[in-house]
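I opened my notebook to look up a few spots in this structure. Here is what I wrote down, entry by entry.

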Amino acid sequence: MSVAVVIPTRNRPDLAVRAVRSLLDQDCALDIYVSDNSEPARRLTPDPGAGPRVTWLRPPREMSMPEHWEWALGEATERSQATHFSIHYDRKISKPNHWGQLAALAERSPETLISYPTDHVADHPPPLRLWQTPWTGKLFAVRTTRTAELLAAGHVTDIAHALPILSNCLVPRAVLTAIAGRFGSVCNSTAADAAFLSRFLTVAERQLHHDRPPSIAYAPHRSAGLGYLRGGGGDFRDYLDRFEGKSWLHAAPVPGVNLGQNMLYHEYELVRRETGALPPLDRAAVLADLGFHLRWIDDPTLRAELAGILRDHGWTGPEPGPLPVTPWRAKLSVKLQQARMRWLGHVPSMITGFSFPDDEAALRDGVRYPRAPQATHEHLALLEPEEVAL
């Protein structure tokens, strides 16, 4: 049993190199593939000090993100003898000595996909904060039919940390082969993560979820996904430019609209139409979910325009305001807690929600002060998971 990790990157050389270094600082050997889809002037320089376990790739031309992920994953599966594969964001670091347990679980259940949660650094609403997901350290089995039911009912946000998206999974080679054989590709569509998720739900009866976050996503100012959610910003404009001339979200509940989980619902609906294996979307629930995500849109004019579009499609909810900004008193309280913690040398049970001046400080403390595990798994309850002995 062996694991290959693919890091697709575009115009983010420093982030990609940092992701590589975090994967080298693990308690198991990983085959690492870095695929640089950058503009010629912004390509990264391969790090010769990374060693022989790192392979540096460059696609034959600039690609859309899903096309690039597909190409990079294909190169890795051809070049590596690994039994399991994972996509690792360039704007994510893996915490030291976390992949050994994942690899051991994969060896024990070699045919089953293993998902895991991720901590993240976010600046919306400001200030820049670290969010640490609750976790138990336990292993759970989740039925894919249950996951599909919850997605169709608009519960994407409620189960987000346990969704089997390509960048939060250890995927057996056999699963990749099954998906590609059924759909012609693993993830090449509009949204790579969501395309993989929806396709996976039709080829497997269950996933395993290791309820422990091995990584921290950061650099929200470079995120295409957050730019999409906010109505602009990050690398979303570049993401869109790669799709020029192609259909955009035509199967979504509200076609062509960039809002909330509309992109995920688009991928879900494409697979449902092709296979008939997924439950139909509950339109009222999905519209309510899209309405909830209006709060991510800062621009009041754009927010009102999107609310009007939703109403034209049958949404009846009130228009929410933007996400609330933390009051200055609350910010001061957190700052005092952080100062006291460092002065006394205390190790807090969690620092989720703490604010930081920059990504560097957030990542440092995110690794140094992991959230303590909890005994119960209420955060996974909707999925009706069954605990599996470790």
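**Entry: the second largest pocket**

I asked which helices give at least two residues each to the lining of the second largest pocket. They are α8 and α11, the latter spanning 300-312. Helix α8 has the largest share, with three residues. I keep in mind that this is a predicted model.

I then noted the volume of this pocket, about 180 Å³. I listed its lining: Gly-231, Gly-232, Gly-233, Phe-236, Arg-237, Leu-240, Val-257, Asn-258, Leu-302 and Leu-306. Sorted by class, I get five nonpolar, four polar and one charged residues.

**Entry: aromatic rings**

Phe-236 is in that lining, and I followed it to its ring partner. I searched the whole structure for aromatic pairs and got nine. One of them joins Phe-236 and Tyr-239. Their centres are 6.2 Å apart, the planes make 25°, and the pair is stacked. I looked up where the two residues sit. Both are in helix α8, residues 236-241. They are three residues apart, about one turn of the helix. Are they buried or exposed? Both are buried.

Next I checked Phe-243 and Trp-248. The planes of these rings stand at 65°, so I logged the pair as edge-to-face. Their centres are 5.3 Å apart. Phe-243 and Trp-248 are buried as well. I also found that these four residues belong to one aromatic cluster, together with Tyr-228.

**Entry: charges over rings**

I looked for charged side chains above rings and noted two cases. Lys-92 lies over the face of Tyr-89, 5.4 Å from the ring centre. Arg-182 has its charged end over the ring of Phe-183, at 5.1 Å from the centre.

**Entry: Phe-140**

Where is Phe-140? I found it in strand β9, which covers residues 139-143. Why does Phe-140 count as buried? Its relative accessibility is 0%, and buried means under 20%.

I then listed what Phe-140 touches, leaving out residues up to four places away in sequence. The list has Gln-207, Leu-208, His-209 and Asp-211. It goes on with His-377, Leu-380, Pro-385, Glu-386, Glu-387 and Val-388.

Last, I took a distance from Phe-140 to Ile-179, which is 39 residues away along the chain. Their C-alpha atoms are separated by 23 Å.

How values were computed: Residues numbered from 1 in each chain as written. Predicted model: local features only at pLDDT ≥ 70, side-chain atom pairs only at ≥ 80, totals over all residues. Heavy atoms only, no water. Helix = DSSP H or I, 4+ residues; strand = E, 2+ residues; numbered from the N terminus. Buried < 20%, exposed > 50% of the residue type's maximum accessible area, 1.4 Å probe, protein only. Contact = heavy atoms within 4.5 Å. Phe/Tyr/Trp six-rings, centres within 6.5 Å; stacked < 30°, edge-to-face > 60°. Lys NZ or Arg CZ within 6 Å of the ring centre and 35° of its normal. 1 Å grid on protein atoms, 1.4 Å probe; cavity = no way out; pocket = protein on both sides within 12 Å on 5 of 7 lines; lining within 4 Å. Points joined across faces, edges and corners; volume = space filled by probe spheres on them. Nonpolar A, V, L, I, M, F, W, Y, C, P; charged D, E, K, R; others polar.
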